[in-house]
Amino acid sequence: MNFNSNCNIVEHENNRMISLNNKIFRVHSVIMCIYFLSLLFTVFLNRNYVILLICIPCFILYCIGFYVSYFVKPSKLLWIHYAVTMLFMICFVVVFGWECGVQCFAFVMIAIKLATWWGNIKIRALDTMILFLVCMLLYGYTRMYDPIYDITPATTIIFQVINYFVTFSALFSCLGILIKDMKETQEHLSSLEEKLEHFASEDSLTGLFNRRTIIQYIEQLTEQRKSEGKSNICAAIGDIDFFSKINDRYGHDCGDIMIKQLAYQLSLSMKDKGKIARWGGEQFLFIFDNATGEDAYYYLTKMQQHIRSVDFAWNDENINLTMTYGLMEYNPDKSIDYCIVEADKKMFMGKQSGRNTIIY
């Protein structure tokens with residue numbers, strides 16, 4: 001992965017976090033606007049217009065907070081919400097007393113502070129402590145001084161009901177958005193992990209197993225066959241004949257296309273017979289499962305005939321390819337590595353004896 005890809009990933013993640021945080025602030029702004037509109041109905045119960053004087057500015061501030069969430073960075077929005085929350089908490093408690101219940105919005109602010117991922121843990125802890133101290137100071141104030149305006153018991157109940165309902169709604173929405181994002185992130189990470197595992201197991205050019213994956217497959221296969229008391233596995237190494245001449249004449253781009261097309265044809269021939277991997281360069285490793293040496297030789301013969309009959313296209317030309325194979329039957333008394341090395345030696349014997357052949 002190059003530098004630009006890393007930068008794009010970081011930028012995408014930052015944009016995703018900004019979008020998530022702004023969404024939390026917008027939802028919170030809407031809930032608080034509805035909250036202050038709801039409180040305005042209590043004006044008609046006791047004709048206390050002080051409620052009106054406090055609610056209207058706060059309503060306007062949260063409307064502004066909603067609007068600017070589309071333009072302002074989340075860190076600034078956090079301070080706007082923090083300041084407005086502190087402001088109306090102090091105003092309500094001083095004016096109407098502790099029983100009005102607005103101090104519970106401190107918990108909402110703490111949740112937002114923790115959910116929006118802005119500021120390090122020390123700053124968040126400090127802000128939480130400040131909220132706690134403000135609540136304690138307000139509580140102490142109400143124990144020493146009477147509220148400026150007395151509200152009726154009925155209004156107190158309405159205040160409490162509205163406050164707790166909105167508090168739980170704000171907490172639920174804030175944490176719900178966060179949990180949903182965490183779930184989506186987990187699903188995204190799982191998808192990326194599957195893709196990375198898929199890419200790690202394949203040869204990037206041909207889509208065949210790469211060397212690491214085929215070795216893992218062979219180890220599992222040999223262990224399985226040992227437990228079953230069977231040893232019917234064969235390994236073959238195939239190498240494209242005169243491949244360097246193709247690169248010299250047509251270029252390496254042509255060579256890559258030839259390998260890619262050949263890999264597809266080899267996959268067709270190996271279907272239901274075993275596994276195939278790009279072993280390196282123009283070499284391929286074939287693992288025949290549930291096949292004796294004679295079976296594997298027959299399969300390779302058919303494969304050889306098929307490859308000879310295919311015209312591999314490059315621009316306006318057709319290129320004929322042949323391969324030389326070395327075949328070795330697996331002996332459980334010796335390692336599978338020994339089997340592959342012997343197949344490779346036989347393939348080189350085939351090269352020395354004229355190519356386009358199978359040495360078994």
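In this predicted model, helix H9 (residues 243–250) packs against helix H10 (residues 252–270) with the axes 7 Å apart. The angle between the two is about 135°. H9 is therefore oblique to H10, as this angle lies outside the ranges for roughly parallel, roughly antiparallel and roughly perpendicular pairs. On the H9 side, the contact is formed by Phe243, Ile246, Asn247 and Tyr250. Their partners in H10 are His252, Cys254, Gly255, Met258 and Ile259. Six of the residues in this contact are nonpolar and three are polar. Charged residues are absent from the contact of H9 with H10.

The pairing of H4 with H5 has another geometry. The two axes come within 10 Å and cross at roughly 170°. An angle over 145 degrees counts as roughly antiparallel, so H4 and H5 are roughly antiparallel to each other. H4 contributes Leu78, His81, Tyr82, Thr85, Phe88 and Met89 to the contact. H5 contributes Phe105, Ala106, Met109, Ile112 and Lys113. By class, the contact of H4 with H5 contains eight nonpolar residues, two polar residues and one charged residue.

Phe88 and Phe105 also figure in the largest nonpolar core, which has 51 residues. Together with Tyr35, Phe36, Phe92 and Phe96, they touch the most other members of this core. At least two core residues come from each of helix H1 (3–40), helix H3 (49–68), helix H4 (74–96), helix H5 (105–115), helix H6 (121–144) and helix H7 (153–201). H4 supplies the largest share, with 11 residues. A second, separate core holds 31 residues. Among them are Met258, Met270, Ala296 and Leu321. Met258 of H10 also takes part in the contact with H9.

The surroundings of Phe92 were examined beyond its neighbours within four places in sequence. Phe92 is in contact with Phe36, Leu39, Ile54 and Cys55. Further contacts of Phe92 are with Gly97, Cys100, Val102 and Phe159.

At the level of the whole protein chain, there are 12 helices and seven strands. The C-alpha trace spans about 105 × 55 × 35 Å along its principal axes. The radius of gyration of the chain is 37 Å, whereas a compact globule of 360 residues would have a value near 21 Å. Of the 360 residues, 42% count as buried. Contacts between residues at least 6 apart in sequence were also classified by separation. Of these contacts, 72% join residues at least 24 apart.

Conventions
Residues numbered from 1 in each chain as written. Predicted model: local features only at pLDDT ≥ 70, side-chain atom pairs only at ≥ 80, totals over all residues. Heavy atoms only, no water. Core = buried A, V, L, I, M, F, W, Y, C linked by side-chain atoms within 4.5 Å. Buried < 20%, exposed > 50% of the residue type's maximum accessible area, 1.4 Å probe, protein only. Helix = DSSP H or I, 4+ residues; strand = E, 2+ residues; numbered from the N terminus. Contact = heavy atoms within 4.5 Å. Axes fitted to C-alpha atoms, helices over the stretch in contact; angles between N-to-C directions. Parallel < 35°, antiparallel > 145°, perpendicular 65-115°, else oblique. Nonpolar A, V, L, I, M, F, W, Y, C, P; charged D, E, K, R; others polar. Rg over C-alpha atoms; globule rule 2.2 N^0.38 Å.
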